[in-house]
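The exercises below ask you to work from atoms to statements, one step at a time. Have the coordinates open, try each task before reading its solution, and keep track of the cut-off that each step needs.

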Amino acid sequence: MLDAKCTYGEEVCTYSILGFQELSETDIEKYRQFLECTECKGKAFFRKKSSDGKGACFGSRYHTENCGEGGSSPQRERESRHAVEVNQIISDSNLVSIDFFSLGSKSSSEPKARPSKSKPSTNKTSKTHSGTNKQTRIKVLGMEKVLNSLMRGSDLAESSILIEVDNGYKYKAKNLFVNFADAEASDSSKDAKPKMYWGAISHSDKELEWLNPSDCNDIGIPIYKHKSIIFDRFKVEKGRDLEGAGIILFGKCFWNSKKTRKIIELWNSDRIFISIAED
Ligand SMILES: [Zn+2]
């Protein structure tokens with residue numbers, strides 16, 4: 001993407017990448033969460049130029065299938081495959097269980113070999129209340145596939161299929177998966193029910209301790225408690241790695257004390273998946 005449209009209050013402006021990177025640091029921070037694709041209007045992000053010579057760029061994780069700005073890339077193709085796969089799972093299964101520990105495969109669409117303690121998919125025969133045997137088809141899904149499919153607009157976000165998060169805790173998919181733009185905050189952490197929030201990261205603060213979504217501008221995601229574990233796991237080394245990254249996390253959403261900003265607090269360091277933008 002060479003240009004991006006910025007809608008900031010009443011101000012609407014189309015920036016070229018050259019023009020945007022010339023802005024002051026303050027203006028870049030001010031406008032970067034208000035960018036969208038000039039063609040498909042997908043929420044967009046700005047990536048600074050890297051110290052090893054990669055140029056500054058605009059991008060979007062949300063280009064529609066036909067958007068000329070999107071183009072195809074191995075990452076986008078993988079995401080689309082995951083969306084098809086997840087749609088198939090939804091139509092074939094009664095229950096989907098989330099495996100927080102499966103990193104999924106980066107380079108191929110083949111199902112990843114799992115450690116022997118987890119089951120890839122099982123057909124359980126369970127007794128119903130009436131005493132007859134009924135087949136319950138349970139599928140196990142890793143976080144990468146869940147995130148990729150949501151970002152490519154799979155049916156998961158609107159589905160009534162039951163998702164098991166911990167043994168025994170089941171949610172309807174449409175109540176569990178929430179894009180950052182639709183997140184509703186409770187008054188306090190104590191009142192908040194955990195959900196799986198997802199979207200794209202616009203940028204982090206300088207210390208890489210707070211993540212700001214590109215989907216909206218009223219949410220902050222503090223990660224300082226879990227930073228080193230998360231960065232090791234997802235190979236995040238610098239702020240640029242987070243710019244435009246896809247993210248899903250299990251956590252609680254509540255207002256800060258001044259009620260000016262929604263906080264999404266991560267449950268623990270395992271319940272997050274970050275997909276760094278590859279292009
Ligand atoms: Zn687009």
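**Exercise 1. Count the salt bridges and find how some of them join up.**

Solution. The model is a predicted one, and the search runs over side-chain nitrogens of Lys or Arg that lie within 4 Å of a carboxyl oxygen of Asp or Glu. By this rule the count comes to 18 salt bridges. The background to the search is that side chains of opposite charge can pair when their charged atoms come close. Following the pairs from residue to residue then gives a network of salt bridges that links Glu25, Glu29, Arg32, Lys48, Lys206 and Glu243.

**Exercise 2. Take the salt bridge between Glu29 and Lys48 and state which parts of the chain it ties together.**

Solution. Begin with the distance: the closest N and O atoms of Glu29 and Lys48 are 3.8 Å apart, and the two residues form a salt bridge. Next, place both residues: Glu29 belongs to helix H2 (residues 25-31), while Lys48 sits in the loop between strand S4 (44-47) and strand S5 (57-60), so the pair ties together parts that are 19 residues apart in sequence. Finally, check the surface: Glu29 is partly exposed, with a relative accessible area of 30%, and Lys48 is partly exposed as well, at 29%.

**Exercise 3. Repeat the analysis for Arg78 with Glu278 and for Asp218 with Lys262.**

Solution. For the pair of Arg78 and Glu278, the side chains meet in a salt bridge with an N to O distance of 2.7 Å. This pair links distant parts of the chain, with Arg78 in helix H3 (residues 74-92) and Glu278 in the segment after strand S17 (272-275), 200 residues apart. Arg78 counts as buried at 6% relative accessibility, whereas Glu278, at 41%, counts as partly exposed.

For the second pair, Asp218 forms a salt bridge with Lys262, and their closest N and O atoms are 3.5 Å apart. Asp218 is located in the loop between strand S13 (210-213) and strand S14 (219-222), and Lys262 in strand S16 (residues 262-266), so this salt bridge ties together parts that are 44 residues apart in sequence. Asp218 is partly exposed, with a relative accessible area of 27%, but Lys262 is buried, at 11%.

**Exercise 4. Describe the site of the zinc ion: which residues are its protein donors, and what is the geometry of the site?**

Solution. The first step is to list the donor atoms, which are SG of Cys37, SG of Cys40, ND1 of His63 and SG of Cys67, at 2.1 to 2.3 Å from the zinc ion. The second step is to examine the angles among the four donor atoms, which run from 104 to 116 degrees; four donors count as tetrahedral if all angles lie between 85 and 135 degrees, so the site is tetrahedral. In sequence, the donor residues follow the spacing C-x2-C-x22-H-x3-C. As a last step, look at accessibility: His63 counts as buried at 4%, and Cys67 is buried with a relative accessible area of 7%.

**Exercise 5. How many disulfides does the structure hold, and why does Cys216 not form a bond to Cys253?**

Solution. The structure holds zero disulfides. For Cys216, the closest cysteine sulfur is that of Cys253, and because the two sulfur atoms are 8.9 Å apart, they are too far from each other for a bond. Cys216 is also buried, with a relative accessible area of 12%.

**Exercise 6. Work out the strand order of the open sheet formed by three strands.**

Solution. Start from strand S1 (residues 3-8), which pairs with S2 in the antiparallel sense over six bridges; within this pairing, Ala4 stands opposite Tyr15 in S2. The complete order is S2-S1-S3, with antiparallel pairing. The edge strands are therefore S2 (11-16) and S3 (35-36), since each pairs on one side only.

**Exercise 7. Locate Lys41 and Leu208, and decide for each whether the residue is buried or exposed.**

Solution. Lys41, in the loop between S3 and S4, has a phi near 65 degrees, a positive value in a residue other than glycine. At 54% relative accessibility, Lys41 counts as exposed. Leu208, in the loop between strand S12 (195-204) and S13, likewise has a positive phi, near 60 degrees, but Leu208 is buried, with a relative accessible area of 12%.

Methods: Residues are numbered from 1 along each chain as its sequence is written. This is a predicted model: local features need pLDDT of at least 70, side-chain atom pairs count only at pLDDT 80 or more; totals for chains, interfaces and linings use all residues. Side-chain values use heavy atoms; hydrogens and water are left out. Two strands pair if DSSP finds at least two bridges between them. Helices (H or I, at least four residues) and strands (E, at least two) are DSSP runs, numbered from the N terminus. Donors are N, O and S atoms within 2.8 Å of the metal (3.2 Å for Na, K and Ca); water is not among the atoms, so sites may look incomplete. Four donors count as tetrahedral if all angles lie between 85 and 135 degrees; four count as square planar and six as octahedral if opposite donors are over 155 degrees apart and all others between 65 and 115; anything else is irregular. Buried means under 20% relative accessible area, exposed over 50%, partly exposed in between (1.4 Å probe, protein chains only). A disulfide is a pair of cysteine sulfur atoms within 2.5 Å.
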